[in-house]
Amino acid sequence: MQGAILRKPSCETDSSKGTLPPVATAAALVLTLLTGCGFQPLPEGLDAETLAALAQDTVNPPEVSTGKAYRIGTLGGPLAEELAASFTFTPYDNTSTDAPIFIADTALAGLTNAQKAGIIATLQARNPILLVHADATTINALIDLLQQLPFDFSMPNGFTYADVFAVDTEPSGDVYHWSMYEPEDSAADPDGPGDQQGRVNMLIDWLAANGHRDGVSAAARIAASSSLQRAAAAAGQELTELASAFIKQDNFSNSGNNYQVSHYVYGCHSQDTGDDWIYVQQRGLFYAGGAYKGRFQRYPNGQAGESVFWYLGNVDLDIGLTGFDGNTSNVGLQQASPETANNVAQVTTGVSWNVGGDISYSKEGPAISLSGGVTISNSTTFNVQDCEVVNKSASRGNNAAWSYQFKRCDTSAEIGYAHLTDPPRLATTTFQPVNQWIWRMSPTVRSAMPPMHVKLAVNLVSSTGIMTFVWTAHPEHNIQGKTWEYDVPFSFPPIAP
């Protein structure tokens, strides 16, 4: 039960809006869940209607995919019903390549040679291949079948299967590996139909972006980039324009919130020194509107005040290279951005580095050599209103780490009543940080082929206004946290002959 949080509705309305379950039933449910489940107690003085609102399940209206989708086998797992309702599947004919193919985990081992050839051709035609409700062994078997670059998939700590694992290639040559995981299922925080439909909706949105996941054209990206990046790109020497990216996107859910972390990995090899240069861009998409319920009045012991339930308190990300923590001679952290910042509405995250000499890289095929070196240069801006950015990189010598700490509700008081200020808007909607860093790796690291190890921690906060005296008040904050740890393997850049 560690880290469990009451299920909240997805709307951001107060308790007077929306359809609530019968008050007595819902209140009894909440009180039952609070007993013996490890919850920190809710503030005193909440009435039955408030308890009913907090117990309400997530509501996610089903989206329906309008595109064609093929199926091999009988899809199982928690999302089976929602997938059947949202997709119109056609049994795979073993030859078509014009649509995504969904494969049941139980069907992979029995694929015919014709089916295998059709699946490989479909991926080459830029359509995704999806494996439903599969363990790590089955996922790695699919990766082997698709003839991907060396890639050893492993489950996040505490998970035995992925709801969905998908592979796609974009016209740019970028390779996407997309994983989605079931939230922790407990009596106090069940994985209900609303949660399951929400995950299928996310999958539909991901599939709809097929062919244009980069969002903007290369020309538009160059036009919007820094002068250094534009100059390097114009000269054909900017790494992200030269090389294909290895991309891994991991999706986690908790209490109606959805958290996606994407890693875009680019690399080049120095023919002169034997070192590898790895540039990582980490993009977060943290939706916090599912757990946020809003503001409630409470009347404990004759006092009046307000409580605000479940907004983002902090998001922490820490990434190291497995087996090389603190080993700065073999893995050197050259740059990590954004820098620490406070009391600003936006921050700019950017790296700029030049790798000189003869280098090699990959663009959908054998190694490509380039004389004169490459530039690694990227800059972007994102919103951090009422959020402190703390750069903790190099705290273990060569790790990349950041903590995003949101402003918490404060109090104001009138006689006998404790008001609360609003939580930051970013803490109740979608927060999209962008972190990036550059590692220099010795030949010893290439021999070990270590994955990146990612630790993601998200804390949610509920705040309560407490009367200190007749006309003074202070806030009390209740924190419920959840942590995920997992590996992100990547392919080292090829060495040109």
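Is Arg-440 buried or exposed, and what is its relative accessible area? Let's work that out, along with a few companions.

Before starting, note that this is a predicted model, in which local features need pLDDT of at least 70, side-chain atom pairs count only at pLDDT 80 or more, and totals for chains, interfaces and linings use all residues. Residues are numbered from 1 along each chain as its sequence is written, and side-chain values use heavy atoms, with hydrogens and water left out.

**Exercise 1. Place Arg-440 and describe its salt bridge with Asp-275.**

Step 1. Arg-440 is buried, with a relative accessible area of 17% (buried is under 20%, exposed over 50%, partly exposed in between, with a 1.4 Å probe and protein chains only).

Step 2. Its side chain meets that of Asp-275 in a salt bridge at 3.9 Å, N to O (a side-chain nitrogen of Lys or Arg within 4 Å of a carboxyl oxygen of Asp or Glu).

Step 3. Asp-275 sits in the loop between strand S8 (257-270) and strand S9 (276-287), and Arg-440 in strand S22 (residues 434-441), so the pair ties together parts 165 residues apart in sequence. Helices (H or I, at least four residues) and strands (E, at least two) are DSSP runs, numbered from the N terminus.

Step 4. Asp-275 is buried too, at 14% relative accessible area.

**Exercise 2. Describe the salt bridge of Arg-295 and the exposure of both partners.**

Step 1. The partner is Asp-422, with the closest N and O atoms 2.2 Å apart.

Step 2. Arg-295 belongs to strand S10 (residues 294-298), while Asp-422 is in the loop between strand S20 (417-420) and strand S21 (430-431); they are 127 residues apart.

Step 3. Arg-295 is partly exposed, at 26% relative accessible area, whereas Asp-422 is exposed, at 58%.

**Exercise 3. Characterise helix H4.**

Step 1. H4 (residues 113-124) has 12 residues and spans 17 Å from first C-alpha to last, close to the expected 16 Å (1.5 Å times one less than its number of residues).

Step 2. Gln-115, Gly-118, Ile-119, Ile-120, Thr-122 and Leu-123 are buried in H4.

Step 3. Their cover includes strand S1 (69-72), strand S3 (101-104) and helix H5 (136-145).

Step 4. After H4 comes Arg-126, with a positive phi near 70°.

**Exercise 4. Which residues touch the most other members of the largest nonpolar core?**

Step 1. Such a core is a set of buried Ala, Val, Leu, Ile, Met, Phe, Trp, Tyr and Cys residues joined through side-chain atoms within 4.5 Å.

Step 2. Among its 119 residues, they are Leu-83, Phe-102, Ile-103, Leu-203 and Met-452.

Step 3. Strand S11 (residues 304-321) supplies the largest share, nine residues.

Notes. Contact means heavy atoms within 4.5 Å.
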